[in-house]
Amino acid sequence: MKALFSALIGLVVPAWVRESVLGDLEEEFHRTEQRGGRRAALRWYAREAVSLSARYAIERWHRNPDVSPQRSLKDRLMTDLKQALRNLRRSPGFAIVAVTTLAVGIAVTLSVYALIDAVLFRPLSSVEPDRLVRLGTRTASSQSASRFAFSYSDYVDLRSRSQTLTSITPTALTPLVLRVGESTSEILSEIISGDYFPMLHVTTGQGRLLGPSDDYPGAAPVAVISHRAAQRHLADREPVGATIVLSSRPFTVVGVAPPEFGGTFIGAPVDAWLTVGSADGFFRRDWRTTRLSACCRDSRPA
Amino acid sequence: MTKDLASANNVGIDMALGEFELMVLLAVARLEEAASAMPIRDEIVRRTDRAVARGAIYVTLDRLVRKGLLRAHQAEAGPNRGGRPSRIYGLTASGLAATRESIIALRKMQRGLSLAPDL
């Protein structure tokens, strides 16, 4: 045990005094042993060795300019920063590679996070996710299904004949220019059918959502806007009942979607929803660019 | 200004002595050739009736050597030291000057006060 504590002193005490310190301790150890026996002397030795080592460790820490408490954290950080900048200036190639790597890394991380956020953390609706589907078409020559190849007529046919889908809605992502008062900005809108919000079980934030009664040819120009758009463009007034201009056509806002809902396009948050019936000029029924979302019939046993 | 005053007194800023350092220097001056760590500690304990940690003595002696106020040399190993030498300390000229300056400064500050009885 004594050798162990001697080794501890050997680690901490500077070389130029180590031998004399160990010699002093040895001398005192013998005196203590003669007075109180070996066990008492060993206890004394251990206590002195620990105390001595701690004292030297503290002294060394105080003398070290890099860790001394006399240097503030700010000073030490500034020293590190200056050193890093000097190194980068000396090696510009390394600096470029480092900065590029960081930029690409951050961009990839943000993209992945946005995807994970949209898919995992923001459920599309309160309906069971495994019952929601997107429809695609595949031709004999194509390898993969296309999800943007439906026309409005396809939607009407599928809705009337499908045995496995309880509801189905077309969605067409359309950029529009929003004007409120004197300010204008470009937003994304979804042109939908009256089944859209009921199918997704979205609950309203303010006012009401669009339904089948808003979706017929020549329907009144009404729209639902996102919570974000209400805060950004209609913060100074009551959004429900306000008139907004979408690509030169006036629409009455009948409701605001809940904050967590941003449409069905991952990574493309939507700020306004219009029905097909009120979107003349923005949407043509013969375009084969519409996406169809549907809700399957619940196949689980009751 | 402080620096000028210090250099005028032949004691640099970094030579400013703490109370314990002054005690160690005075103990070394008293012990002369017998001034190794443990006799220095015993001398301070005996004269001031204070408990002094062994580590405090070693660390202070090291610091005074680095400041150039003490010099050190090794002496032959005595009995019961496991063949290890002892280290003997002595005042350098700077150490002597610093000790004198500190004592003079203390006396000047004390003069006319009745805070402590004459020893």
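This report walks through the fold of chain B, the nonpolar cores and the contacts between chains A and B in a predicted model.

## Chain B at a glance

Let's begin with the secondary structure. Chain B contains 5 helices and 2 strands. Read from the N terminus, its elements follow the order α-α-α-α-β-β-α, with the two strands sitting between the fourth helix and the last one.

Chain B has 119 residues, and 29% of them count as buried. If you look at its contacts between residues at least 6 apart in sequence, 51% link residues at least 24 apart.

## The nonpolar cores

In soluble globular proteins, nonpolar side chains tend to be buried together. Here, the largest nonpolar core is made up of 39 residues. Those with the most contacts inside this core are A:Ala223, A:Val224, A:Ile225, A:Ala272 and A:Trp273. Leaving aside residues up to four places away in sequence, A:Ala272 touches A:Leu176, A:Ile187, A:Ser189, A:Ala223, A:Ile225, A:Ala229 and A:Leu246.

A second core, separate from the largest one, has 29 residues. Its members include A:Ala49 from chain A, along with B:Val28, B:Ile88 and B:Leu91 from chain B.

## Where chain B meets chain A

Across the interface, 17 residues of chain B are in contact with 16 residues of chain A. On the chain B side, the elements giving two or more residues are helix H3 (37-48), helix H4 (54-66) and strand S2 (86-91). The largest share, 6 residues, is provided by H4(B).

What is the chemical make-up of the side of chain B that touches chain A? Its residues divide into 8 nonpolar, 4 polar and 5 charged.

Conventions: Residues are numbered from 1 along each chain as its sequence is written. Chains are lettered from A and ligands numbered from 1 in the order in which they are written. This is a predicted model: local features need pLDDT of at least 70, side-chain atom pairs count only at pLDDT 80 or more; totals for chains, interfaces and linings use all residues. Helices (H or I, at least four residues) and strands (E, at least two) are DSSP runs, numbered from the N terminus. A residue is buried if 20 or more other C-beta atoms lie within 10 Å of its own, exposed if 12 or fewer, and partly exposed in between; C-beta atoms are placed from the backbone. Two residues are in contact if their C-beta atoms, placed from the backbone, lie within 7 Å. A nonpolar core is a set of buried Ala, Val, Leu, Ile, Met, Phe, Trp, Tyr and Cys residues joined through C-beta atoms within 7 Å. Ala, Val, Leu, Ile, Met, Phe, Trp, Tyr, Cys and Pro count as nonpolar, Asp, Glu, Lys and Arg as charged, and the others, Gly among them, as polar.
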